[in-house]
Amino acid sequence: MSAQTVLMSGNEAIARGAWEAGVRVGCGYPGTPSTEILEALARYPEVDCEWSTNEKVALEVAVGAALAGGRAIATMKHVGLNVAADPFFSVAYMGVNAGLVVVSADDPGMHSSQNEQDNRFFARAARVALLEPSTPQECKDFTFAAFEISERYDTPVLLRTTTRISHGKGLVTLGERQEIPRKPYRKDVHKNVVLPAHGRIRHQLIETQRLPALEKEAERWAQIFEGSDDLAIITAGAAFLYACEAFPNATILKLGMTHPLPRELIKRFCEGKKRIVVIEELEPYLTEQVRALGISTEEIHLPRFGELSVGRVRQAVERARDGATPPPVELPPLPPRPPILCAGCMHRGVFYVLKQLDAIVSGDIGCYTLGALAPLDAMDTCMNMGASLSMAHGMAKIFSEEEKKRLVAVIGDSTFYHSGVPALIDILYNGGQTVTIILDNHTTAMTGHQEHPGTGRTIKGEPAPVIELESLARGLGIKHVQRIDPYDLLAAWRTIDEALHRREPSVIIADAPCVLKEKRRFGELVSVDHTKCTECFACTELGCPAIEVRDGHIEINKLLCIACTHCQQVCATCNAGIDIPQVLELVHQKRYADAFKVLLRANPFPAVAGRVCPHPCDHEVNALGWPQEKLYAERYPDLVREFSTPGHPAKLSVRDVERFLGDYGIEHFSGAEFAPAEERPERIAIIGAGPAGLSAAFYLRRRGFRVTVFEAFEKPGGMMRYGIPAFRLNKEILDREIDRLYMMGIEIKCNVTIGRDVSFAELQREYDAVVIAVGDSAPQELELEGTSDVQEGLLYGVDFLRRVNRGQSVKVGRRVAVIGGGNTAIDCARSAKRLGADVTVYYRRTAQEMPAIRDEIDEAILEGVQFEFQTNPIRVLARERRVCGLELIRMKPGPLDKDGRRRPVPVPNSEFSVPIDTVILAIGERADLDFLKETGVRFAQKIHTTFTGAASQPGIFACGDVAFGYGTVTQSIATGRRVASAVTTYLRQKGAKR
């Protein structure tokens, strides 16, 4: 019968080679790129395979099996050998009985690892044989032969692969399994008990007998590929494949055993060669040893980091011929694809809560390490398996008491079994107080959903006892052990917050299965109600791939959403994106200072917002379908009694809570408390001291940047000062909140107009980034007949409010018509009423479609302002160039607009006229952007930006109405915060490039 040939990966071929060699025991711990070796080996019924709790245990089990007389293999990734180093070095002295092979799968380029160490040095340090296959066929053949080498020379054999060899596929010719009889077990204390006296003898044997014999064996594993003597290449492993493709005509010495090296063969190979180069990945392991033989190899500039490529190899060798230092190889850029937690991942809820708690998080190895990335940004450290607990314990020894109250260690369930248990014992034994959160998703998720001691299944799917985490923690002596549902954000927040305030070690188990393994679907898919969505983008802070921003609007990807409810709980339909549930919880606990600090994470002007915000957060159901009003009332009846909505005693007014906290902050915080702990060297200019510009300044300053704000008017505040009447916003409140920015170290230069006093080019030269936040301060032109003939009695809304708010005299006469339906129109009407006029607001749509704040409309009606709906002006009537009347026409709903509303159309023959002294046009404003001409910044009526606020020129950003046109103070604040994040990212990337 002819041998069967199949397509296999390198990992599968190693498993096949071990099986054909008669291996009896296979052990390992899952870790990319080695994981599939043991998974493939476990499919063979003749092999007793196990996922061990860690690599040290795996190797020790394999050593025990080999000493007992059965061939054994231990598999691990390169950093796993660090964990197993203790038994690895010791078994090198002990030797073996039956064959023992240790597989180290290295990871050049760090595709899934925290370092790219070169484990060839382990073989050299331990004085054991090292084999390096180059193809899947060699993976099988080398593994098969490694067991024979192990037994012949009484040594463990290190089989080293790399990611490309492990995962690359090729044709493999299969063989039959050899049933190797078990070798008899013999007691040999001098060999198997590693005492110093025994070790000295064994070390001498290794150096005088084993290594010389292995060096001769190494010659059998070398291949010479004849070619031109003009170029001779010495190489091994994956580098051999690159060398062959880069220089097909070269003479190549391919080493299969790279420790010990076949030194005499290498010398003979190099005789008479014109050029000799060594091609290898990562460290100059071969290069240094070849040169130590007295062989002069050419200096080629291959990087000591990352993977090789054919292009890099070819360029390095060809440049070396000319004696020039090669420039770095520029690879074509690939589309960015940053790693991200899966949609609905249970880890997301925990990390979101930790970020909201401003926790200092000592992290660990696993897919939850992605919690360190933006936008979650909720992990401070990550070093190696199990280090989260130990490092947190060490940090607590140095931290202040306040810092300790924020300190959390996070570890996965599989990682906790791997190496977290000893660290938890250390914390308990040495009087530590660390809060440990075990992220129990019921599997080893990162490496492909392998079983572990908590799953109740072995590697072969057979039932196994469950080592229950809660019982294990309690058995160690931890008194405070709790489980949380990571999909209930408020409950998780309460539990973690309470544990952080304890003075004893705590264990919290976040218990929910991996959604990718379980393929969970929680309920009805989430959708966005765009009539309620304020586009604060708070939901994007979750980093869920199902939440997408399309054309500046939030959408839910139905193919990815699993209805986990995370986004629904985060959404509060808040213009500024405040975490309202957390704020309410803290106010309920009467932790007002903490609640105020939470507010400031999203809004630096809560006292202002608590007075002028249109409070869309008071919707019964939020924009993502969450019954927030009902939940608030059920959770906080005490707050409903204290902060009830006027006219609705059973309804909580979130705006009143914000106003209360804003006033509390004014009285209890100067602002110096929010100054950065460390200064950054970068300087940022912000044009405009309105809500967006000051918000950007606040959040950039908190990050340590030096911020200067340029304002054209005599005082900062923008629309908050000059656009909102004093009867709605006391300017003393505004001043005191702006004082907070001064105390943080923000510089505000007033009476400075960009383009007149300072050029935009000057700002670009002197500052590392420029943020444009000028707002919409120029009146929007209205195509209304008769306006060109008027010199008196025609006003524009923003200009009218600005003059009133600056205390200037404004004469409006007895009869005033206000055109518009937004907040500016209502403010103009109420201000004109206070100037003694009879005021009527004319709006072309229905009362229900009026965009102004409902409360303000009601207040205007109570003050005597009249409203005429579905009415539109046609012509301004004038006498002697002064307004004397207004001609209007009735409107009715027409066809649907793009926004889903019916477009108003005129009712034929419905024209009428009214006598008027003053017409106030409050139909919108535009930004004056003349200073951007010839700067390269793209703009029309708005500045063209990405949704994060980046403009068309590097280092230029925009926020507020000039970029997004949302129109409310709180929405402008949200854009300022978003732009601050974008500027920070830009400057960090710019600094990294330098």
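How many bridges pair β5 with strand β7 (residues 157-162), and in which sense, parallel or antiparallel? The two strands pair in the parallel sense over 6 bridges. The model is predicted.

**Strand β5 and its neighbours**

Within the β5–β7 pairing, Val 102 stands opposite Leu 158 of β7. Strand β4 (residues 72-77) also pairs with β5. That pairing is parallel too, with 6 bridges. Here Ile 73 has Val 101 of β5 as its bridge partner.

Strand β5 spans residues 100-106 and is mostly covered, with 7 of its 7 residues buried. In a regular strand, side chains alternate between the two faces of the sheet. In β5, Leu 100, Val 102, Ser 104 and Asp 106 point one way. Val 101, Val 103 and Ala 105 point the other way. Both sets are buried.

**Aromatic pairs**

The structure holds 22 aromatic pairs. One of them joins Phe 88 and Phe 89 in an edge-to-face arrangement, with 6.0 Å centre to centre and 90° between the planes. Phe 88 is buried, at 0% relative accessible area. Phe 89 is partly exposed, at 31%.

Tyr 487 and Phe 522 make another pair, with ring centres 4.6 Å apart. Their planes meet at 55°, so the pair is tilted. This pair links distant parts of the chain, 35 residues apart. Tyr 487 sits in the loop between β17 (480-484) and α20 (489-500). Phe 522 sits in the loop between α21 (515-518) and β19 (547-550). Tyr 487 has a relative accessible area of 6%, so it is buried, the cut-off being under 20%. Phe 522, at 31%, counts as partly exposed.

One aromatic cluster is formed by Tyr 592, Phe 643, Phe 660 and Tyr 664.

**Charges over rings**

Two basic residues lie over the faces of Phe rings. The table gives the distance from each to the ring centre.

| Charged residue | Ring | Distance from ring centre |
|---|---|---|
| Lys 254 | Phe 240 | 5.5 Å |
| Arg 978 | Phe 964 | 4.8 Å |

**A nonpolar surface patch**

Which residues make the nonpolar surface patch of about 210 Å²? Val 189, Val 193 and Leu 195 make this patch. Leu 195 is found in the loop between α9 (189-192) and α10 (196-220). Its relative accessible area is 44%, and Leu 195 is therefore partly exposed. A residue needs over 30% relative accessible area to belong to a patch, so Leu 195 meets that cut-off.

Note on methods. Residues are numbered from 1 along each chain as its sequence is written. This is a predicted model: local features need pLDDT of at least 70, side-chain atom pairs count only at pLDDT 80 or more; totals for chains, interfaces and linings use all residues. Side-chain values use heavy atoms; hydrogens and water are left out. Patches are made of residues with over 30% relative accessible area and no salt bridge: like charges are joined within 9 Å, nonpolar side chains (Val, Leu, Ile, Met, Phe, Trp, Tyr) within 5 Å. Accessible areas come from the Shrake-Rupley method with a 1.4 Å probe; for residues, only the protein chains shown count as cover. A salt bridge is a side-chain nitrogen of Lys or Arg within 4 Å of a carboxyl oxygen of Asp or Glu. Helices (H or I, at least four residues) and strands (E, at least two) are DSSP runs, numbered from the N terminus. Buried means under 20% relative accessible area, exposed over 50%, partly exposed in between (1.4 Å probe, protein chains only). Rings of Phe, Tyr and Trp (its six-membered ring) pair if their centres lie within 6.5 Å; planes under 30 degrees apart count as stacked, over 60 as edge-to-face and the rest as tilted. A charge sits over a ring if NZ of Lys or CZ of Arg is within 6 Å of the ring centre and within 35 degrees of the ring normal. Two strands pair if DSSP finds at least two bridges between them.
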